[in-house]
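The following exercises ask the reader to work from the atoms to an account of packing, charge pairing and chain contact. Each task is followed by a worked solution.

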Amino acid sequence: MDAKNLARLTRWLLYGVFGGIVLLLIGLYTWAPLRAFFLAAYGIGPGGSAVVLAFLTAMGLIALWILGELVAVLRTVEEDPFIMKNARAFFRMGFAAEAAALAFIAKCFSAFTFMTAVCGLVMLLAGLFALVLAQVFRRAVEYKQENDLTI
Amino acid sequence: MIRVNLDIIMARRHMSSGELSQRLGITPANLSILKNNKGKAIRFSTLDALCKILDCKVEDILEYIEEEEHGTDGK
């Protein structure tokens, strides 16, 4: 499978994940069994549900933000991915992932679960990786521009 | 800064951009970048071919111009 088809397949998978998160976010507020499932999974009683709902909503929105940026980057793979827009997109993804990591780490202190700690660590590393990738892309764009303007 | 005086030499030799780009083996768009001083670098092979085609020296094509210092004293 070549790069274009791989990017296209990944993009469609991301559209699926994006849609799934949107449905979960809507269901969280409109479908009581789903809300009950999430609250039970977090092991928090009805009194703390507003905080958990706010946390889940914030994480869902951050996930949508990251996925949106990723889809925008993957769209450029078919033509020219080495553009400054992508470097900025990776920076934003890194920023969003670090914000999510911060929220997960904060949650570890108030309602610790093993998965919260794992998510916090994963988001922290993913965010750092995206920030490094943003720098790499920036350098690549500079090299490409120099190469394109060498006659 | 380095100024490319390609248009002057081309006018002297009565050579069009199309003909030169064709003989150089580069696209007209790239020749335009070179002519309009928008390029960042020029390959020795391109310079060599330019001198050969236009029957000129490197200094006829490239010229060093001292850039004016932009004031940084806030005036």
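## Exercise 1: Nonpolar cores

The largest nonpolar core has 18 residues, and those with the most contacts inside it are Met59(A), Ile62(A), Ile66(A), Phe90(A), Met93(A) and Met123(A). The model is a predicted one.

Task. Determine which elements give two or more residues to this core, and which gives the most.

Solution.

Step 1. The elements that give two or more residues are α3, α4 and α5 of chain A.

Step 2. Of the elements, α4(A) gives the most, with nine residues.

Step 3. Take Met93(A) as an example of the packing. Leaving aside residues up to four places away in sequence, Met93(A) touches Ile66(A), Glu69(A), Leu70(A), Val73(A) and Ala130(A).

Step 4. A second core, separate from the one above, has 16 residues, including Leu6(B), Ile9(B), Leu34(B) and Cys51(B). As general background, nonpolar side chains tend to be buried together in soluble globular proteins.

## Exercise 2: Salt bridges

Task. The structure holds seven salt bridges over all chains. For the pairs Glu78(A) with Arg8(A), Arg92(A) with Glu69(A), and Asp80(A) with Lys144(A), establish which parts of the chain are tied together and how accessible the partners are.

Solution.

Step 1. In the pair Glu78(A) and Arg8(A), the closest N and O atoms are 3.5 Å apart. Glu78(A) belongs to the loop between α3 (49–77) and α4 (84–110) of chain A, and Arg8(A) to helix α1 (residues 3–30) of chain A, so the salt bridge ties together parts 70 residues apart in sequence. Glu78(A) is partly exposed because its relative accessibility is 25%; Arg8(A), at 35%, is also classed as partly exposed. A network of salt bridges links Arg8(A), Arg11(A) and Glu78(A).

Step 2. Between Arg92(A) and Glu69(A), the closest N and O atoms are 2.6 Å apart. Arg92(A) is in helix α4 of chain A and Glu69(A) in helix α3 of chain A, so this pair ties together parts 23 residues apart in sequence. Arg92(A) is partly exposed at a relative accessible area of 32%. Buried means under 20%, and Glu69(A), at 10% relative accessibility, counts as buried. Glu69(A) is also one of the residues that Met93(A) touches.

Step 3. The side chains of Asp80(A) and Lys144(A) meet at 3.4 Å, N to O. Asp80(A) lies in the loop between α3 and α4 of chain A, and Lys144(A) in helix α5 (residues 114–148) of chain A, so parts 64 residues apart in sequence are tied together. Asp80(A) has a relative accessible area of 28% and is partly exposed, and Lys144(A) is partly exposed at 26%.

## Exercise 3: The contact between the chains

Task. Describe what chain A and chain B bury between them, and state how many salt bridges and polar contacts the two chains share.

Solution.

Step 1. Six residues of chain A are in contact with eleven residues of chain B.

Step 2. About 740 Å² is buried between chain A and chain B, and carbon and sulfur atoms give 62% of this area. Leu149(A), Thr150(A) and Ile151(A) supply 84% of the area that chain A buries against chain B, more than any other three residues.

Step 3. Zero salt bridges are counted between chain A and chain B, whereas five residue pairs are in polar contact, both residues being at pLDDT 80 or more. On the side of chain A that touches chain B, the residues divide into two nonpolar, two polar and two charged.

## Exercise 4: Positive phi in chain B

Task. Locate His14(B) and Asp55(B), and decide whether each is buried or exposed.

Solution.

Step 1. In general, most residues other than glycine have a negative phi. His14(B), which is not a glycine, has a positive phi of about 55°, and phi of Asp55(B) is near 50°, again a positive value in a residue other than glycine.

Step 2. His14(B) is found in the loop between α1 (6–13) and α2 (17–24) of chain B, and Asp55(B) in the loop between α4 (44–54) and α5 (58–61) of chain B.

Step 3. With a relative accessible area of 72%, His14(B) is exposed. Asp55(B) is exposed at 61%.

Note on methods
Residues are numbered from 1 along each chain as its sequence is written. Chains are lettered from A and ligands numbered from 1 in the order in which they are written. Side-chain values use heavy atoms; hydrogens and water are left out. Contact means heavy atoms within 4.5 Å. Buried area is the accessible area (1.4 Å probe) that two parts lose on being put together, summed over both. A salt bridge is a side-chain nitrogen of Lys or Arg within 4 Å of a carboxyl oxygen of Asp or Glu. A polar contact is a pair of N or O atoms within 3.5 Å; within protein, one must be able to donate a hydrogen and the other to accept it, and residues adjacent in sequence count only if both atoms are side-chain atoms. Ala, Val, Leu, Ile, Met, Phe, Trp, Tyr, Cys and Pro count as nonpolar, Asp, Glu, Lys and Arg as charged, and the others, Gly among them, as polar. Helices (H or I, at least four residues) and strands (E, at least two) are DSSP runs, numbered from the N terminus. Buried means under 20% relative accessible area, exposed over 50%, partly exposed in between (1.4 Å probe, protein chains only). A nonpolar core is a set of buried Ala, Val, Leu, Ile, Met, Phe, Trp, Tyr and Cys residues joined through side-chain atoms within 4.5 Å.
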